[in-house]
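Please examine the sequence and the three-dimensional structure shown below. The explanation that follows proceeds through selected local features one after another.

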Amino acid sequence: MSSSTSTLPRALRPFGGGQYRLLATGLMFALFSDGVWTITLVWQVIGLGGGPGQVSLATGLAAVGMVISTLAGGVLADRVSQRSIIVGLEVVKMAVFAIVAFCGIGGVLTMPVVAAAAVVGGITTGMYYPAYSALLPGIVAADELQAANGIEGIIRPVLFQAAGPMIAGVVIAAAAPAQAALVAAAASVGSALCYLRMRPAPLRRDPNALRGPAVASMVTDLAEGFAYLWRTPWLWSTLFFATILVLATMGPIEVLIPFALQERVHGGAGDHSLVLAAFGAGAALSSLVFASIPMPRRYLTLMFGLWGWSSIPLVLMGVAGHTWVFIVAGFIMGVLFDGPMVLWGTLLQRRVPPALLGRVASLDFFVSVVLMPVSMALAAPVSHAIGLTATFVVCGLAPAPFAVVFYVAARLWRDEIDHPLDFSSPGPAIAVMHEEMSASAYVDAQRAGVSDQD
């Protein structure tokens with residue numbers, strides 16, 4: 001580490017490397033583009049005369065695209081240059097958004113074209129995360145991964161959830177959804193240019209493992225990812241708990257909060273936006289805190305502890321009688337949800353073997369999105385059956401005991417002691433560091449003699 005880098009605050013140290021600055025800038029453009037497109041898609045459907053059913057279909061198609069592509073994206077990320085993958089994805093996004101924009105401006109845009117664009121947009125999102133997660137450890141030092149993941153946790157709510165939708169709304173109000181699609185396309189161009197300026201990053205996998213029939217080899221790759229999941233307690237316990245947490249919380253957050261605001265405080269879209277903004281602010285602040293501290297010694301205990309409590313603010317929303325209670329509850333949820341995500345991303349990148357990281361990251365993303373549509377579909381009928389208050393209370397309380405069950409079943413308090421991730425820890429930490437040094441040595445060897453297939 002250079003002396004100039006070491007003088008930076010912990011949360012900013014990854015920016016000391018030129019490769020990371022390009023990667024982070026490309027990520028910023030990509031998140032902004034996706035944020036603009038999220039709003040543009042909805043209003044483009046409405047602009048073509050679509051109602052709630054058509055909007056649900058378009059957003060559902062985008063979710064399906066994410067689900068069906070993410071596992072394949074993980075396999076691909078472990079086989080070819082991750083840099084090439086993310087460049088290609090941004091080029092595809094640019095082309096799709098531009099087609100929607102020019103067709104809209106020309107007055108020839110149809111609903112099937114928008115639906116197809118929604119699917120392709122979802123596919124690019126599903127394939128991006130595994131490639132980015134697998135690329136990051138080859139770009140920054142192991143002791144800077146937590147800060148890099150924290151930076152992502154800060155910029156994601158700011159650009160994807162706030163700035164992108166806000167700019168899209170301004171452009172749509174001033175012109176039309178087609179012009180907003182042009183903004184999304186331009187941002188994707190900026191992202192692709194940043195990634196193209198990066199030096200080729202070596203594939204952290206033995207090239208001999210990639211030989212053989214392509215289809216059979218890729219199926220074997222996917223099976224290896226699942227096998228690693230089943231034999232790794234800290235991994236399966238976290239992912240299984242995450243499925244329950246997503247199932248319990250995403251429906252109330254995405255579907256029921258507007259109705260609770262209307263029923264309890266006669267709130268409207270402005271109040272809803274304040275709750276979502278508070279969630280994003282809590283997420284960004286929590287990510288900043290976790291990016292600024294060393295990896296906690298009891299990192300698994302802290303993760304499960306925070307995630308186990310993260311749904312409790314839904315109980316506050318279930319009984320709230322004032323808008324500010326919803327806002328405070330949203331802020332607390334953002335803090336408890338996203339802070340541990342910084343630790344989780346670092347944990348994957350530090351403990352999963354480099355050759356498997358793309359596939360494991362895709363499993364992580366798959367779990368995050370596969371039950372979202374189910375949760376959203378169940379939220380309304382459950383609330384009609386038992387009432388809004390009971391739904392918020394049940395969904396807020398249900399995940400906590402499961403966090404305890406999986407924590408105990410996987411004996412995570414022992415796992416984190418046997419596998420410390422702070423570099424100052426003695427004993428077993430040496431094994432972790434040795435594994436990381438071996439990976440670094442492999443990367444150096446690849447730089448010296450093996451191309452990354454760019």
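Helices are DSSP runs of type H or I with at least four residues, and they are numbered from the N terminus. In these terms, Arg411 lies in the loop between helix 17 (399-409) and helix 18 (412-418). The model is a predicted one.

The backbone at Arg411 deserves attention. Most residues other than glycine have a negative phi. Phi of Arg411, by contrast, is positive, near 50°. The relative accessible area of Arg411 is 40%; because this value falls between the limits of 20% and 50%, the residue is classed as partly exposed.

A positive phi also occurs after helix 4, where Gly107 follows with a value near 75°. Helix 4 itself covers residues 82-106. At its N-terminal end, Ser81 acts as a cap, with a side-chain oxygen 3.3 Å from the backbone nitrogen of Arg83. How far apart are the end C-alpha atoms of helix 4? They are separated by 36 Å, and this agrees with expectation because 25 residues at 1.5 Å a residue should span 36 Å. The expected span is obtained by multiplying 1.5 Å by one less than the number of residues.

Helix 5 (residues 111-135) contains Met111. This residue is partly exposed, its relative accessible area being 28%. Leaving aside residues up to four places away in sequence, Met111 touches Val45, Leu48, Gly50 and Gln54. Of these contacts, Gln54 is 57 residues from Met111 in sequence, yet the C-alpha atoms of the two are 8.9 Å apart in space.

Is Ser191, a residue of helix 7 (residues 177-197), buried or exposed? Ser191 counts as buried because its relative accessibility is 0%, and the cut-off for burial is under 20%. Its contacts, again not counting residues up to four places away in sequence, are Gly26, Phe29, Ala30 and Glu90.

The final feature is on the surface. A nonpolar patch of about 740 Å² is formed by Leu285, Leu288, Val289, Ile293, Leu316, Trp324, Val328, Phe331 and Ile332. Helix 10 (269-292) and helix 13 (323-351) each provide at least two of the patch residues. Which helix supplies the largest share? That share, four residues, comes from helix 13. Phe331, one of the patch residues, is located in helix 13. With a relative accessible area of 33%, Phe331 is partly exposed; this value is therefore consistent with the requirement of over 30% for patch residues.

Definitions and conventions
Residues are numbered from 1 along each chain as its sequence is written. This is a predicted model: local features need pLDDT of at least 70, side-chain atom pairs count only at pLDDT 80 or more; totals for chains, interfaces and linings use all residues. Side-chain values use heavy atoms; hydrogens and water are left out. Patches are made of residues with over 30% relative accessible area and no salt bridge: like charges are joined within 9 Å, nonpolar side chains (Val, Leu, Ile, Met, Phe, Trp, Tyr) within 5 Å. Accessible areas come from the Shrake-Rupley method with a 1.4 Å probe; for residues, only the protein chains shown count as cover. A salt bridge is a side-chain nitrogen of Lys or Arg within 4 Å of a carboxyl oxygen of Asp or Glu. Buried means under 20% relative accessible area, exposed over 50%, partly exposed in between (1.4 Å probe, protein chains only). Contact means heavy atoms within 4.5 Å. A polar contact is a pair of N or O atoms within 3.5 Å; within protein, one must be able to donate a hydrogen and the other to accept it, and residues adjacent in sequence count only if both atoms are side-chain atoms.
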